[in-house]
Each structure stands twice: as structure tokens, then as C-alpha cells.
Amino acid sequence: MKYESIRNLKIPRIGFGTWKIGGGSSPDLKMDSVSMAALRSALETGYTHFDTAEMYADGHSEELLGRAIRESNIPRESLFITSKVTPSHLKYDAVLSSCENSLRRLQMGYLDLYLIHWPSVGMKLEETFCALNKLAREGKVRHLGVSNFNLKLLKESQAHSETPILTNQVPYSLSDRSYVKNGVLDYCQRNDILFTAYSPVDEGRMRSNSALESIAKAHQATVHQIALAWIISQPRVITIPMSANPVHIAENFNAADIELTGGEIEQLSKAG
Ligand SMILES: NC(=O)c1ccc[n+]([C@@H]2O[C@H](COP(=O)([O-])OP(=O)(O)OC[C@H]3O[C@@H](n4cnc5c(N)ncnc54)[C@H](OP(=O)(O)O)[C@@H]3O)[C@@H](O)[C@H]2O)c1
């Protein structure tokens, strides 16, 4: 695994996403055995960085992640756990209770990273950050960040946060360069902010092409692994693919070890 070093932290460049673990927008208990198997497989493979949210399966994703971690007996301090507050919970009291609820569901004493999941119309970032700053001061969350924030909102967040914004989590893949075009990637790279790429394999709908296939063949890798290796070859960029398939879970983890050449990176970057 490769790590990104930032402010005395070493964060695995490939983490494990949990959207659809535990259900979609509401809990789907029929899926628990499949979801738990995916989480156990991720922990056994060696993932130590997990991304969840109160919104995922209405909290059930957090419950299952906490359960799988407790069962694994892996020490909490060796893991990096991110959760997110939902856009309808951005008022002061709601942020505090959302965080308490996430910690209760995960059965953890703190989160490594707490993000505003999406901006909401009419949100008051100053008020939201009053609560987030309190959580950080109390040690309930170690680091603060945002998700799906454009440049203007990211800069506003920096102004309101008492601690440096650790990341902006946004969609990024070979086929989705929207956060390059809007200037967020460049800003993050210049300002020591992690750029966390979500949906890195286009939610499973990734399209292949001949360039991708020939690079994959040269590395004896899959095209999905090359897509992930390309993402994390970029400064300050990390990613959190999700999979329920143990073969893909291992492939995604091992993608961190693929060393693309400068020419390959350029070829893939141009193709977008
Ligand atoms: N902040 C936000 O607003 C936001 C939004 C979306 C997602 N996220 C986070 O980012 C994570 C990842 O994004 P995502 O789940 O939307 O999309 P994704 O990781 O791009 O795609 C997941 C899908 O791709 C398939 N897949 C994964 N690895 C594969 C591989 N090596 N080969 C073939 N297929 C593969 C999986 O199917 P199998 O199960 O069959 O492998 C799954 O259906 C989420 O789980 C969530 O934690 C955050």
C-alpha cells in the first residue's frame, strides 16, 4: 500500500468505500451477510482506511462497519475512519447530534475525519463550522473536511475551520474530470488539501478502451486497477473504491503497488 503523508498523518492512498454496504437509502437487512462478508474481506485484505456516512443505508452502513471492525480485533488506532454529516443536518445542534449518532452506531470514541457530505441550499457554513470546530476541540473528530464542494465553498470552509481542511471528497475518474475543470484539483494540490476521489471506477460502469487495455496488459493488471493506479499517481490524490466482490476488493488494494510510467500517466490523462 502507498500512503499519502500530510500534516503528520499517513493515510492509505486506497481506502474502502461503503456506499451500498448495509442497503441503499434505507437499511436492507437481507443484505447483511453479503455486506459483512465484504467488510471482513476488506479488513482481511489489509484495508485500514474506511469511508462511510450517516446517509448510507440510513446509518446501517456505520453499524455494520463498526461490527466488522470489532469482530476483527484490529486496534482502533491503526484504522482511519471517515464519516459524513448529511446536508439536512447542518445546523449547530444537528451537527453535534449527527456526530454522536455516528459514533454510537460505529461504537467508536472518535472519527479520524468528519465531512460535510454535500452543500445544501441555504446552509450557513459559519454555524456548521462552529459545531464542527467544537467536535474537533473535544477530540470527537480528529480532522475536518468537506465533500462535493466547489472552489468558492472550499475556500469559505477553510476560512471557518479552526483546523486545516484535510480533504475535499469529490467524484473523479478517467471519465469524470469535472473537479479538474472547476479548478478544485489544482487548488487542493497547491494548498495541501487531500483530493479524495469517489466513484473512481464509475460506480462499476467504467468503459474500457484500447489504450487502457494495452497498459493493463503491460502491467498484468485489470483495467480497473490501472484506473485506480492512475488516480493515485497524482499528487495529493487518494481514492476509496467500493466492492462487494473479494476478488475486486483484493485487486483494488493491490492497485496501489502498480507503478505507471510517466508516459502511461500522460496517455491516460490526455484521454479524459
Ligand atoms: N461523498 C459523496 O458524495 C460520495 C458519493 C459517492 C460515493 N462516495 C464514496 O466513494 C465510494 C466509492 O464510490 P462508488 O461506490 O460510488 O463507486 P465505485 O467505487 O466507482 O464503484 C463501485 C462499483 O464498481 C464495481 N467495482 C469495484 N471495483 C471493481 C473492480 N476492481 N473490477 C470490477 N468492478 C469493480 C463494484 O462492483 P463489485 O461489488 O461487483 O466489485 C461496485 O458496483 C463509495 O462507496 C462511498 O464510500 C462518496
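Student: Why are Asp51, Ser243, Ala244, His248 and Asn252 counted among the residues around the ligand?

Tutor: The shell around the ligand has 28 residues, and these five come nearest. A residue counts as near a molecule because one of its heavy atoms lies within 4 Å of it. This is a predicted model, where local features need pLDDT of at least 70, side-chain atom pairs count only at pLDDT 80 or more, and totals for chains, interfaces and linings use all residues. Residues are numbered from 1 along each chain as its sequence is written, and side-chain values use heavy atoms, with hydrogens and water left out.

Student: What makes the pair between Trp19 and the ligand a polar contact?

Tutor: A backbone N or O atom of Trp19 is 2.9 Å from a ligand oxygen atom. A polar contact is a pair of N or O atoms within 3.5 Å, so the pair at 2.9 Å qualifies. For Glu203, a backbone N or O atom lies 3.0 Å from an oxygen atom of the ligand, so this pair also qualifies.

Student: How much of the ligand does the protein bury?

Tutor: The protein buries 85% of the 890 Å² that the ligand exposes when taken alone. Accessible areas come from the Shrake-Rupley method with a 1.4 Å probe.

Student: Why is the ligand said to sit in the largest pocket?

Tutor: The ligand sits there because more than half of its atoms lie within 2 Å of the pocket's grid points. On a 1 Å grid over the protein atoms alone, a pocket is an open set of points with protein on both sides within 12 Å along at least five of seven lines, and lining residues have an atom within 4 Å of a point.

Definitions and conventions. A polar contact is a pair of N or O atoms within 3.5 Å; within protein, one must be able to donate a hydrogen and the other to accept it, and residues adjacent in sequence count only if both atoms are side-chain atoms. On a 1 Å grid over the protein atoms alone, a cavity is a set of points where a 1.4 Å probe fits but cannot get out, and a pocket is an open set with protein on both sides within 12 Å along at least five of seven lines; lining residues have an atom within 4 Å of a point.
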